[in-house]
Amino acid sequence: MPLETPARIVSELTSRGYNADREAVTLLAGADDPNAALEAVVEHAPDDALKLSADHVERVLAEYTPDENTTVSTGGQNGNSSQGETDSAEETKGVRNGGERSDSGDLGETDENSEGIGEDVIDVSRPDESVRDPDLDARSLDVLGDVTGESTGTGEYEDFVSVFQDRFERLSKQLRSRVNARPTSVVQEMPGGGETAIVGMISDIRSTASGHWLIELEDTSGTYPCLVMKDREFADAVDELLFDEVIAVEGTLSDDNGDGDGIMFVDSLYFPDVPRTYEPSTADRHVQAALISDVHVGSQEFMADAWSRFADWLHTPEAERVEYLLVAGDMVEGVGVYPNQDDELDIIDIYDQYEQFSEYLKEVPGDMEVLMIPGNHDAVRLAEPQPGFDEELRDIMSVHDARISGNPSTVTVEGVDILMYHGVSLDEVIAELPDEKANYDEPHKAMYQLLKKRHVAPQFGGKTRLAPEEKDYLVMDDVPDVFHTGHVHKLGWGKYHNVLAVNSGCWQAQTAFQKSVNIDPDAGFAPILDLDTLDMTVRQFS
Ligand code: D5M
Ligand code: FE
Ligand code: ZN
């Protein structure tokens with residue numbers, strides 16, 4: 001194989017059972033003949049070595065001159081330098097293609113830095129690991145709101161009661177500052193004709209015979225029916241309502257209120273929402289994060305070549321500030337996730353799938369900070385919040401000391417709060433809401449709805465499975481600066497009240513199953529986020 005990039009050197013060493021220091025890889029990549037150098041280094045590795053050091057590579061390079069290389073096992077065959085250059089050129093073309101496509105107009109985004117791609121690509125065949133010189137002290141990554149290790153739920157009825165109470169308390173707190181709400185039990189007793197407000201969880205929505213909407217709101221003291229007349233300017237908002245979300249209403253009580261069957265005529269309706277004036281935090285230096293998801297290693301449709309182009313690109317000068325890699329779930333294809341999935345599996349054992357994922361992860365620069373949460377194809381419990389991977393899987397994926405946390409989690413990267421959620425509830429939001437408010441081609445719009453509801457999976461009992469815990473990990477107490485999801489395999493991003501919502505596409509071409517349900521995935525894209533400005537560029541590697 002051609003060894004023109006550090007990524008390939010790492011992968012070649014790995015296939016022979018070795019890890020290597022970053023400096024060792026750089027030295028190998030910079031050797032006159034990287035193939036021969038690698039052969040010599042492996043040949044002369046100490047018997048018990050698992051990790052090859054820069055010292056060892058230096059010694060081997062100094063001791064074994066090119067002449068001697070020709071005697072080293074397969075070195076002679078690969079040791080032809082003109083052959084090496086040809087290979088490099090081919091690879092360079094591949095990367096250049098990838099780069100050009102990354103700026104293709106139909107995504108509607110341009111990249112200020114893209115002009116230099118042609119020149120930068122030439123550097124790819126050079127020891128490009130050396131261009132990555134991150135200031136490790138400037139980095140920071142903290143995780144909040146992670147259920148991993150905190151799960152207490154047993155699935156009993158009481159747990160469901162407590163998780164819904166917690167949701168109600170926390171979301172109603174966000175609304176109470178805006179309305180002068182009374183408990184439903186108090187409203188029941190109020191005289192007819194008066195004005196009041198209620199904060200409640202939606203327990204029912206019905207349309208009446210005359211086309212108005214009857215919304216039943218529930219709080220800890222009972223329920224109360226609220227009528228939204230079809231001609232009110234906010235009647236449109238009823239389309240956005242989901243069961244179990246928490247809203248506030250203000251309105252006038254019917255004349256017969258107080259005798260047990262009054263209703264409220266709603267005059268205004270409030271969502272917890274994100275303030276329009278929200279000012280997101282940004283990083284203090286120019287540093288970037290790649291936001292990806294849905295890698296689906298183990299599927300026959302996993303796009304290995306696109307992934308490798310992405311990993312190679314990360315080693316180029318153009319990507320030297322991409323210091324974080326955030327993966328929002330579905331690392332692997334999993335087993336038994338949907339009917340007849342076996343027919344489309346490339347790797348049938350779930351552990352082997354994670355082993356292979358780990359191999360692909362090794363292709364990205366070793367100095368990157370990696371954080372991963374699970375998705376519905378991963379080998380953790382399906383119900384949300386999903387805890388992070390168990391010890392066995394963490395061991396398998398320990399490359400690059402990747403951080404593992406639950407789904408959802410808020411990760412604060414150099415001051416920027418990024419809410420990571422795999423995104424199963426997006427299917428539900430898209431199914432329930434009118435097309436213009438949420439659809440698969442604009443997944444970020446469905447994300448806006450979740451931000452508005454300040455909950456990542458409001459509706460319980462449909463597609464989204466909920467594991468009851470003492471608290472509701474799915475509530476957004478604080479407004480995130482960036483909201484990152486995946487799952488629907490569509491690429492889309494945009495800002496909602498200054499919060500950047502990104503749904504990150506996938507690395508799996510359309511499966512037969514997806515074809516049968518009309519899912520046309522956006523595969524092989526990497527959204528790159530500037531943490532200092534929250535601007536985004538999308539690169540295409542497919
Ligand atoms: O989900 C990829 C996309 O495929 C996501 O939008 C859900 C959709 N999907 C997955 N399973 C089904 C079924 N059974 N019916 C309809 N749509 C489905 P992923 O999590 O990668 O499978
Ligand atoms: Fe997926
Ligand atoms: Zn998924």
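In this predicted model, Ser 221 is partly exposed, because its relative accessible area of 35% falls between the limits of 20% for buried and 50% for exposed. Ser 221 sits in the loop that joins strand 5 (213-219) to strand 6 (222-228). Leaving aside residues up to four places away in sequence, Ser 221 touches Pro 183, Thr 184 and Ser 185. Of these partners, Pro 183 is 38 residues from Ser 221 along the chain, and the C-alpha atoms of the two are separated by 6.4 Å.

The protein chain as a whole contains 16 helices and 19 strands. It has 542 residues, of which 56% count as buried. Among contacts in the protein chain with a separation of 6 or more, 71% are between residues 24 or more positions apart.

Two metal ions share a ligand residue. The iron ion (ligand 2) is coordinated by Asp 294 through OD, His 296 through NE2, Asp 330 through OD and His 489 through NE2, at 1.9 to 2.3 Å. Along the chain, the donors of the iron ion follow the spacing D-x1-H-x33-D-x158-H. Asp 294 belongs to the loop between strand 9 (288-292) and helix 11 (304-314), while His 489 belongs to the loop between strand 15 (482-485) and strand 16 (491-496), so this pair ties together parts that are 195 residues apart in sequence. Asp 294 and His 489 are both buried.

The zinc ion (ligand 3) has as its donors Asp 330 (OD), Asn 376 (OD1), His 422 (NE2) and His 487 (ND1), at 2.1 to 2.4 Å. The spacing of these donors along the chain is D-x45-N-x45-H-x64-H. Asp 330 coordinates both the zinc ion and the iron ion, which are 3.2 Å apart; Asp 330 therefore appears as a bridge between the iron ion (ligand 2) and the zinc ion (ligand 3). Distant parts of the chain are linked by Asp 330 and His 487, which are 157 residues apart. Asp 330 lies in the loop between strand 10 (322-328) and helix 12 (350-361), and His 487 in the loop between strand 15 and strand 16. Asp 330 counts as buried because its relative accessibility is 0%. His 487, with a relative accessible area of 12%, is buried as well, since this value is under the 20% limit.

Helix 12 also holds Gln 353. The relative accessibility of Gln 353 is 0%, so Gln 353 counts as buried. With residues up to four places away in sequence not counted, Gln 353 touches Val 297, Gly 298, Val 332, Glu 333, Gly 334, Val 335, Leu 345 and Ile 347.

Two helix pairs were examined for packing. Helix 3 (residues 34-43) packs against helix 4 (residues 54-63) at an angle of about 110°, and the axes are 9 Å apart. Helix 3 is therefore roughly perpendicular to helix 4, as the angle lies in the range of 65 to 115 degrees. The crossing of helix 3 and helix 4 is right-handed. On the helix 3 side, the contact involves Ala 37, Ala 40 and Val 41, which meet His 56, Val 57, Val 60 and Leu 61 of helix 4. The residues of this contact comprise 6 nonpolar, 1 polar and no charged. Of the 10 residues of helix 3, 9 are buried, so this helix is largely enclosed by the rest of the structure. The buried residues in helix 3 are Pro 34, Asn 35, Ala 36, Ala 37, Leu 38, Glu 39, Ala 40, Val 41 and Val 42.

Helix 14 (residues 424-432) and helix 15 (residues 443-453) form the other pair, with an angle of about 100° and axes 9 Å apart. This angle makes helix 14 roughly perpendicular to helix 15. Helix 14 contributes Ser 425, Leu 426, Val 429 and Ile 430 to the contact, and helix 15 contributes Ala 446, Met 447, Gln 449 and Leu 450. By class, the contact of helix 14 with helix 15 has 6 nonpolar and 2 polar residues, and no charged residues.

Conventions: Residues are numbered from 1 along each chain as its sequence is written. Chains are lettered from A and ligands numbered from 1 in the order in which they are written. This is a predicted model: local features need pLDDT of at least 70, side-chain atom pairs count only at pLDDT 80 or more; totals for chains, interfaces and linings use all residues. Side-chain values use heavy atoms; hydrogens and water are left out. Donors are N, O and S atoms within 2.8 Å of the metal (3.2 Å for Na, K and Ca); water is not among the atoms, so sites may look incomplete. Helices (H or I, at least four residues) and strands (E, at least two) are DSSP runs, numbered from the N terminus. Buried means under 20% relative accessible area, exposed over 50%, partly exposed in between (1.4 Å probe, protein chains only). Axes are lines fitted to C-alpha atoms, for helices over the stretch in contact, and angles run from 0 to 180 degrees between N-to-C directions. Angles under 35 degrees count as roughly parallel, over 145 as roughly antiparallel, 65 to 115 as roughly perpendicular and the rest as oblique. A crossing is left-handed if the near helix is turned anticlockwise from the far one by less than a right angle, and right-handed if clockwise. Contact means heavy atoms within 4.5 Å. Ala, Val, Leu, Ile, Met, Phe, Trp, Tyr, Cys and Pro count as nonpolar, Asp, Glu, Lys and Arg as charged, and the others, Gly among them, as polar.
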